[in-house]
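Work through the exercises below with the model open. Try each task before reading its solution.

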Amino acid sequence: MKNKLVFATNNAHKLEEVRIVVKDNFEILSLKDIGCDEDIAEPGVTLQENALIKARYVKEKYGYDCFGDDTGLEVEALDGAPGVYSARYAGDGHDAKANMKKLLANMEGVENRKAHFRTVIALILNGKEYIFEGQINGVIISEEKGSAGFGYDPVFMPDGYAETFAELGMDVKNEISHRALAIKALCRFLQGM
């Protein structure tokens with residue numbers, strides 16, 4: 001019987017990415033699967049704080065072993081922005097198009113295009129807390145390209161590739177992404193238990 005873990009998210013895209021990476025090792029339950037339809041607030045000022053807030057909320061309220069994540073796009077020329085505010089960079093609406101438009105406007109005329117995506121995962125298992133990270137470096141291109149993926153994928157080109165995440169498609173992204181790297185670290189840990 002597979003171990004069950006709750007992924008503290010309502011984001012169907014992130015849930016699917018994680019389920020693909022984890023494959024048959026664990027049964028990953030969503031917040032919806034456990035009857036949690038609350039929108040868990042993320043008032044932290046770091047990715048790690050937000051990941052822990054989500055995992056602790058589920059553990060305390062529902063009793064499940066759980067992991068929460070937070071991801072940010074950190075742009076060197078913007079002093080790490082949008083960072084922890086990536087999902088609401090252009091306002092509280094979590095509007096990916098508006099976020100990309102604001103990012104591209106802020107990057108206009110900027111030569112240093114270096115950026116990275118970083119995911120932090122906080123796991124609560126058997127009463128202990130663990131932190132895992134994944135990061136992929138790349139650059140912000142000057143216009144949207146591609147239709148796969150979500151968020152900033154159409155404007156982020158990972159190092160070593162000539163296409164954006166949105167052009168590479170989910171299969172490649174799920175092998176190399178920041179979230180995939182963090183999830184793989186989580187899986188290695190869980191398999192060693």
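**Exercise 1. Strand pairing**

Which residue in β5 is the bridge partner of G68? Then place β5 among its neighbouring strands.

Solution. The model is a predicted one.
- Step 1: Look across from G68 into β5; the bridge partner there is A122.
- Step 2: Take the strands as a whole. β3 covers residues 66–75 and pairs with β5 in the antiparallel sense, over 10 bridges.
- Step 3: Turn to β6, residues 128–140. β5 and β6 are also antiparallel, with 12 bridges. One facing pair is I124 and E129, the latter in β6.
- Step 4: Inspect the link. Two residues lie between the strands of the β5–β6 hairpin, and N126 has a positive phi near 50°.

**Exercise 2. Burial of β5**

How many of the 12 residues of β5 are buried?

Solution. Strand β5 spans residues 114–125, and 10 of its 12 residues are buried. The strand is therefore mostly covered.

**Exercise 3. Cysteines**

Count the disulfides, then explain why C36 is not bonded to C66.

Solution.
- Step 1: Apply the cut-off: two cysteine sulfur atoms must lie within 2.5 Å. The count is zero.
- Step 2: Check C36. Its closest cysteine sulfur belongs to C66, at 9.1 Å, so the two are too far apart for a bond.
- Step 3: Check C187. This residue is in no disulfide either; the nearest cysteine sulfur, in C66, is 15 Å away.
- Step 4: Add burial. C36 has a relative accessible area of 1% and is buried. C187 is buried too, at 7%.

Methods: Residues are numbered from 1 along each chain as its sequence is written. This is a predicted model: local features need pLDDT of at least 70, side-chain atom pairs count only at pLDDT 80 or more; totals for chains, interfaces and linings use all residues. Side-chain values use heavy atoms; hydrogens and water are left out. Buried means under 20% relative accessible area, exposed over 50%, partly exposed in between (1.4 Å probe, protein chains only). Helices (H or I, at least four residues) and strands (E, at least two) are DSSP runs, numbered from the N terminus. Two strands pair if DSSP finds at least two bridges between them.
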